[in-house]
Amino acid sequence: MGDLISVIIPVYNCEKFLPGCLDSVLASDYRELEILIADDGSTDLSPKIIKEYAQTHDNIRYMTADHKGVGRARNTAILNASGEYLFFMDGDDEIHPGLLSLLYSGIKSSKKAMAVSDTLRFYDESYDELVKKAGPTGIKEESEAFCSTVVKEESGDSCPRFLIKNIEKIGRIGGFLISRELALTAKFDESLIA
């Protein structure tokens with residue numbers, strides 16, 4: 001048994017992808033999970049789908065808001081998270097069943113505050129085949145080299161704090177496993193709507 005991981009999923013009109021997203025998290029071989037879905041005022045069938053999943057899975061927590069943006073949705077979920085670690089993904093993402101175990105193992109063995117996965121993009125029906133071939137995506141350990149590769153900017157902060165504070169410049173948070181303590185040190189930009 002490991003630490004609780006809070007999987008944070010902001011959702012806005014993701015009805016087409018949401019079942020696949022939630023099924024992929026529920027299929028994770030890492031079992032100490034709570035799933036926080038922050039619906040940012042969806043006008044499609046996303047709320048209905050989320051409610052159906054929440055009724056049958058007691059580790060899913062559903063929160064709603066008027067359309068205030070993905071930054072606000074993530075910040076709300078962070079404040080409501082109980083996990084020692086937070087994993088971020090979007091409502092149109094899917095994860096490999098072994099990814100959370102791999103990231104958790106990496107973060108614990110390296111005694112770092114953050115682990116980051118590579119991503120596998122797909123645009124057709126071949127996701128299952130791609131996952132079989134790829135296996136869990138690899139992790140990148142915290143390093144200044146990673147920071148300078150992702151964002152070419154100097155900072156006195158530690159690498160993970162720098163990444164959190166500058167996440168809108170990085171362009172993605174999906175695939176990040178971050179200690180809750182670190183996540184509470186910075187907020188997502190609430191002016192970001194998409």
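**A guided tour of the predicted chain**

This is a predicted model, and its chain averages a pLDDT of 75, with 65% of the residues scoring at least 70. Colour the chain by pLDDT before selecting anything. Helix 2 (residues 46–56) has the highest mean pLDDT among the elements of the chain, at 97, whereas helix 6 (residues 144–150) has the lowest, at 36. Next, select residues 119–160, where the pLDDT is below 50; beyond near neighbours in sequence, this stretch has 58 contacts in the model. Where pLDDT is low, the predicted coordinates should not be read in detail.

**Strand 2 and its neighbours**

Select strand 2, residues 33–39. How many of its seven residues are buried? Seven of the seven are, so strand 2 is largely enclosed by the rest of the structure. In a regular strand the side chains alternate between the two faces of the sheet. On one side of strand 2 lie Leu 33, Ile 35, Ile 37 and Asp 39, and on the other Glu 34, Leu 36 and Ala 38; these residues are all buried, and both faces are thus covered.

Add strand 1, residues 5–11, which pairs with strand 2 in the parallel sense over seven bridges. To see one of these positions, display Ile 8, whose bridge partner in strand 2 is Leu 36. Then bring in helix 1 (residues 18–26): strand 1, helix 1 and strand 2 make a right-handed β-α-β unit.

Now add strand 3, residues 60–64. Strand 2 pairs with strand 3 in the parallel sense as well, here over five bridges. Within this pairing, Met 63 of strand 3 stands opposite Ala 38. Trace the chain from strand 2 through helix 2 to strand 3: this β-α-β crossover is also right-handed.

**Helix 4**

Move on to helix 4, residues 99–110. At 1.5 Å a residue, its twelve residues should span 16 Å; the end C-alpha atoms are 16 Å apart, which agrees with that expectation. Which residues of helix 4 are buried? They are Leu 99, Leu 100, Leu 103, Tyr 104, Gly 106, Ile 107 and Ser 110. Look down the axis with these residues selected: they cover an arc of only 160° around it, which puts them on the same side of helix 4.

Finish at Lys 111, just after helix 4, which takes a positive phi of about 55°.

Conventions
Residues numbered from 1 in each chain as written. Predicted model: local features only at pLDDT ≥ 70, side-chain atom pairs only at ≥ 80, totals over all residues. Heavy atoms only, no water. Pairing = 2+ DSSP bridges. Helix = DSSP H or I, 4+ residues; strand = E, 2+ residues; numbered from the N terminus. Right-handed = clockwise from strand over helix to strand, strands pointing away. Expected span 1.5 Å × (residues − 1). Buried < 20%, exposed > 50% of the residue type's maximum accessible area, 1.4 Å probe, protein only. Arc of directions from axis to C-beta. pLDDT = per-residue confidence, 0-100. Contact = heavy atoms within 4.5 Å.
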